[in-house]
Amino acid sequence: MLKATESNIKILIVDDDTDLLELLSIRLTAAGYKTELAQSAEIALNYLDVSRPQLVISDMQMSGMDGMKLFEHIHRTIPTLPVIILTAHGSIPDAVAATQRGVFGYLTKPFDSKILLTQVVQALRLTPGTTLPKEESLAPWRKEIITQSAVMEDVLTKAELVAKGDASVLIYGESGAGKELFAHAIHDASKRHNRPFVAVNCAAIPEQLLESELFGHVKGAFTGAVRDNKGLFQLAEGGTLLLDEIGDMPLPLQVKLLRVLQEKQVRPVGSAQTIPVNVRIISATHRDLLAEIGAGSFREDLYYRLKVVALTIPSLSQRREDIPLLANHFLSLLCTKYDKDINGFSPDAMEILVRDSWPGNVRQLMNIVEQCVVLSTAPLISPVLIYDAMQKEEEEGLVSFEDARKHFERDYLVRVLKITAGNVTKAAGIAKRNRTEFYKLLQRHQLNPSIFKQSHN
């Protein structure tokens with residue numbers, strides 16, 4: 001981590017272990033911060049009576065007042081002051097419980113210095129009136145990814161390694177989990193960062209227009225083509241092209257895309273000439289592409305061309321410790337957008353956020369927070385506002401019973417075929433259906449068992 005030169009940011013460190021206190025002070029001072037040290041929570045409170053740091057880092061287990069008691073006192077008197085808790089007895093449930101109560105971050109000892117400094121930067125970014133030094137880094141390439149999750153940090157580490165080369169990357173993740181954000185981060189960390197990053201949603205553009213959008217067209221190629229038009233491959237020249245929701249690309253276009261990737265040149269619609277392109281491809285999907293291959297809706301050769309390296313973005317429910325961090329980040333942004341003066345979430349409101357299943361992931365969380373900010377007339381977001389916003393989203397997002405049944409049925413069949421490596425007899429046995437009935441189910445959903453045998457080998 002680069003040194004934060006000329007920093008006036010002050011961090012109060014609280015720990016009854018003098019060795020750890022000094023070690024933390026050395027690490028933070030080396031990163032450019034000023035530190036104040038307190039060997040007990042009581043001394044820390046005395047310090048807070050006369051001086052105001054921008055961040056508090058406290059051990060959990062201390063003689064006298066412990067770290068959570070100290071946090072509760074700080075939260076009552078200085079609710080905008082972030083607190084990071086360190087403990088030798090940590091677990092994810094403890095982290096979730098602490099963040100529900102408003103603790104900014106939670107690290108288990110022994111902790112990674114890089115992760116600690118990352119949390120410090122993220123906490124300071126959300127602290128009102130704090131300006132980080134220009135040299136301070138949370139590395140610029142990942143500055144838009146808000147997290148304190150060890151799972152996410154692992155994915156970010158892999159993303160940074162992948163970014164150093166030109167290998168094609170396939171990003172898996174549920175809708176709203178942040179796949180495009182990760183793709184952009186990989187681009188920003190790569191040697192192509194000064195060249196364009198171009199994204200296209202393959203599911204959002206009609207099939208008859210997608211080819212022209214990707215490869216371009218010449219004047220007169222079709223009705224309405226009144227001039228030559230460069231495609232996204234050409235617009236991304238030298239940079240990165242994100243093919244979002246690649247699993248929804250029509251089969252005829254998959255064939256043409258494969259040819260482009262193999263030959264590194266595009267042929268605009270209506271043209272006899274090819275144009276060389278130098279583009280890094282990142283693909284993203286919420287679909288199980290092996291299952292789509294089994295269903296005959298995705299080409300296996302294209303799959304292996306796109307998936308040189310695969311990254312899986314965890315769902316929000318798999319990184320619940322990030323929910324308070326994200327919620328407060330969105331709150332800060334949206335209060336500025338709507339010119340609102342809101343200090344935070346009530347403890348009960350935050351508990352609702354942390355415990356929800358979040359099928360729409362980070363995007364859904366941001367939508368909920370935005371609805372609450374727009375409607376709030378109080379200094380704290382209340383549980384009632386959270387409930388109302390969630391209920392409205394559920395009503396708007398419901399699908400028909402028949403669609404839900406079909407979706408479940410297909411997912412179930414895919415899982416059973418995966419478990420049995422395409423053995424229909426075993427799969428039918430697990431499903432408690434005879435072979436004839438099971439084959440009819442496979443035909444209804446256009447699933448080919450032989451593909452699952454190949455993918456298992």
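**Close-up views of a predicted model**

**View 1. The aromatic pair F215–F233 in the predicted model.** F215 has a relative accessible area of 3% and is therefore buried. The ring of F233 forms a tilted pair with that of F215, since the two planes stand at 35° and the centres are 5.8 Å apart. An angle counts as tilted when it is neither under 30 degrees nor over 60. The pair connects distant parts of the chain, with F215 in helix α8 (residues 207-215) and F233 in helix α9 (residues 232-235), 18 residues apart. F233 is likewise buried, at 2% relative accessibility.

**View 2. The aromatic pair Y303–Y304.** The structure holds 2 aromatic pairs. In the pair formed by Y303 and Y304, the distance is 4.8 Å centre to centre and the angle between the planes is 75°, an edge-to-face arrangement. Y303 has a relative accessibility of 5% and counts as buried, whereas Y304, at 46%, counts as partly exposed.

**View 3. The open sheet and helix α1.** The sheet is open and consists of 5 strands, arranged in the order β2-β1-β3-β4-β5 with parallel pairing. Strands β2 (34-38) and β5 (105-108) occupy the edges; each has a single partner strand, so one side of each is left without a neighbour in the sheet. From one strand to the next, the twist averages 20°. Helix α1 (residues 18-30) packs on the sheet and touches β1 (10-14), β2, β3 and β4. The direction of α1 makes about 170° with that of β2.

**View 4. Strands β3 and β4, with S58.** Strand β3 (residues 55-59) and strand β4 (residues 83-87) run parallel and are joined by 4 bridges. V56 has V83 of β4 as its bridge partner. S58 also lies in strand β3. With a relative accessible area of 1%, S58 is buried, because buried means under 20%. Leaving aside residues up to four places away in sequence, S58 touches V14, G67, L70, I84, I85 and L86.

**View 5. The surroundings of V162 in helix α6.** V162 is placed in helix α6 (residues 150-163). The relative accessible area of V162 is 13%, and the residue is therefore buried. Residues up to four places away in sequence being excluded, V162 touches V169, R280 and V309. V162 and I186 are 24 residues apart in sequence, and their C-alpha to C-alpha separation in space is 7.5 Å.

**View 6. The packing of helices α18 and α19.** Two packed helices are described by the angle between their axes and the distance between the axes. For helix α18 (residues 424-431) and helix α19 (residues 435-444), the angle is about 95° and the axes are 9 Å apart. The two helices are therefore roughly perpendicular to each other. On the α18 side, V424, T425, A427, A428 and A431 make the contact; on the α19 side, R435, F438, Y439 and L442 do so. These contact residues divide into 7 nonpolar, 1 polar and 1 charged.

Terms used
Residues numbered from 1 in each chain as written. Predicted model: local features only at pLDDT ≥ 70, side-chain atom pairs only at ≥ 80, totals over all residues. Heavy atoms only, no water. Axes fitted to C-alpha atoms, helices over the stretch in contact; angles between N-to-C directions. Parallel < 35°, antiparallel > 145°, perpendicular 65-115°, else oblique. Contact = heavy atoms within 4.5 Å. Nonpolar A, V, L, I, M, F, W, Y, C, P; charged D, E, K, R; others polar. Phe/Tyr/Trp six-rings, centres within 6.5 Å; stacked < 30°, edge-to-face > 60°. Buried < 20%, exposed > 50% of the residue type's maximum accessible area, 1.4 Å probe, protein only. Pairing = 2+ DSSP bridges.
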